[in-house]
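Welcome! Please take a look at the sequence and the structure below, and then let us walk through them together.

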Amino acid sequence: MKNESTWETIYAKGSQLNRYPYSDCISFFKRRWPSGVATDFHTLDVGCGSGVHADFFASQGAQVTAFDFSPSAIQAASELFPNPAVNYLVASFDEFDPRYNKFDLVFDRLATTCSSMDQVERFYQKLLPAMSPGGKVFWQGFDWGNSGRSFGTYEPDLQRWNGFTSGVFEHLGPTVFFKEEDLDRIFAGYGFESKRVISDRDTETGYTHSYWMLELSV
């Protein structure tokens with residue numbers, strides 16, 4: 001699929017391979033498990049990119065499954081953050097099979113938002129039976145009000161935007177922008193602990209870059 005080849009090209013060039021975990025990730029984890037976790041705690045890193053967050057979770061005691069549809073990303077992750085507690089896999093959102101697992105934490109930082117609306121819904125409904133009782137989900141996806149949406153072309157069959165001519169999404173491939181009712185449908189069966197829109201507005205240009213940040217449980 002085009003979004004996969006786009007991100008494969010990005011990662012193959014060595015771009016977007018973050019070396020430091022995002023503060024939102026650390027804050028979320030430390031608020032819930034300030035002393036780390038037991039070795040039977042299983043985390044899923046969705047669209048793991050460089051592997052930086054997978055490595056962070058492993059450093060806190062977790063066993064981690066980390067997957068990405070880009071072979072270059074997984075190769076880079078294995079080299080940048082080799083960790084015996086992390087199992088790196090090449091798989092798409094549709095290909096990843098969560099069966100035979102019980103995940104205590106699922107982490108998705110702007111990963112499934114780079115697919116299509118139906119893919120996101122399929123993935124999280126498929127994942128629901130593989131969650132441990134009381135398991136947590138940290139999810140970020142782009143908000144409908146993001147100014148970047150206006151620079152893309154809508155693909156109605158997939159309910160996503162593509163072909164961005166400017167803004168932060170230029171050259172990044174297909175992207176989904178979510179309304180609140182989309183999230184209620186996608187995460188049916190999950191419990192919302194926190195549902196926020198994080199917005200960064202450039203007062204010079206008026207460009208608003210906004211995304212959802214959800215904390216869920218089962």
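## A friendly tour of the chain

Let us begin at one spot on the outside: Tyr100 is exposed, with a relative accessible area of 75%. Please keep in mind that this is a predicted model. Tyr100 sits in the loop between β3 (86-90) and β4 (103-109). Its phi is near 70 degrees, a positive value in a residue other than glycine. That deserves a second look, because most residues other than glycine have a negative phi.

Gln16 is another non-glycine residue with a positive phi, about 60 degrees. You will find Gln16 in the loop between α1 (2-12) and α2. At 42% relative accessibility, Gln16 counts as partly exposed.

### The whole chain

Now step back. How many helices and strands does the chain have? There are six helices and 10 strands. For 218 residues, a compact globule would have a radius of gyration near 17 Å, and the value for this chain, 17 Å, agrees with that. Along the principal axes, the C-alpha atoms fill a box of roughly 45 × 35 × 35 Å.

Of the 218 residues, 51% count as buried. The accessible surface of the chain comes to about 9800 Å², and carbon and sulfur atoms account for 50% of it. Contacts also reach along the sequence: among those between residues at least 6 apart, 66% join residues at least 24 apart. As for charge, the chain carries 19 positive and 28 negative side chains, and the centres of the two sets lie 2 Å apart.

### A covered helix

Helix α3 (residues 52-59) is a good place to look inside. Is α3 mostly covered or mostly open? It is mostly covered, with six of its eight residues buried. Those buried residues are Val52, His53, Ala54, Phe56, Phe57 and Ala58. Their cover includes helix α2 together with the strands β1 (42-46), β2 (63-68), β3 and β4. Just after α3 comes Gly61, which takes a positive phi of about 110 degrees.

### Aromatic rings

The count of aromatic pairs in the chain comes to 31. One of them joins Phe28 and Trp33 edge-to-face, at 6.3 Å centre to centre and with 75 degrees between the planes. Phe28 and Trp33 are both buried.

Why does the pair of Phe164 and Phe177 count as edge-to-face? The ring centres of Phe164 and Phe177 are 6.3 Å apart and their planes stand at 70 degrees, so the pair is edge-to-face; the cut-off for that class is over 60 degrees. Phe164 lies in the loop between β7 (160-162) and β8 (177-178), while Phe177 is in strand β8, so this pair ties together parts that are 13 residues apart in sequence. Phe164 is buried, and Phe177 is buried as well.

Ring pairs also build a cluster. Its members are Phe67, Phe69, Phe93, Phe96, Phe123, Tyr124, Trp139, Phe178, Phe187, Tyr190 and Phe192.

### Three residues and their settings

Here are three residues to find in the structure, each with its relative accessible area.

| Residue | Place | Relative accessible area | Class |
|---|---|---|---|
| Ser132 | strand β5 (residues 131-143) | 9% | buried |
| Ser27 | helix α2 (residues 23-32) | 36% | partly exposed |
| Val197 | strand β9 (residues 191-201) | 39% | partly exposed |

Why is Ser132 classed as buried? Its relative accessible area is 9%, and buried means under 20%. Leaving aside residues up to four places away in sequence, Ser132 touches Lys102, Phe103, Asp104 and Val218.

Phe103 turns up again in a distance you can check: from C-alpha to C-alpha, Ser27 and Phe103 are 20 Å apart in space, and they are 76 residues apart in sequence.

Which residues does Val197 touch, not counting residues up to four places away in sequence? They are Asp143, Ser210, Tyr211 and Trp212. Val197 and Leu183, in turn, are 14 residues apart in sequence and 12 Å apart in space, C-alpha to C-alpha.

How values were computed: Residues numbered from 1 in each chain as written. Predicted model: local features only at pLDDT ≥ 70, side-chain atom pairs only at ≥ 80, totals over all residues. Heavy atoms only, no water. Helix = DSSP H or I, 4+ residues; strand = E, 2+ residues; numbered from the N terminus. Rg over C-alpha atoms; globule rule 2.2 N^0.38 Å. Buried < 20%, exposed > 50% of the residue type's maximum accessible area, 1.4 Å probe, protein only. Contact = heavy atoms within 4.5 Å. Areas by Shrake-Rupley, 256 points an atom, 1.4 Å probe, with all protein chains shown as cover. Lys, Arg positive; Asp, Glu negative; His and termini not counted. Charge placed at Lys NZ, Arg CZ, Asp CG, Glu CD. Phe/Tyr/Trp six-rings, centres within 6.5 Å; stacked < 30°, edge-to-face > 60°.
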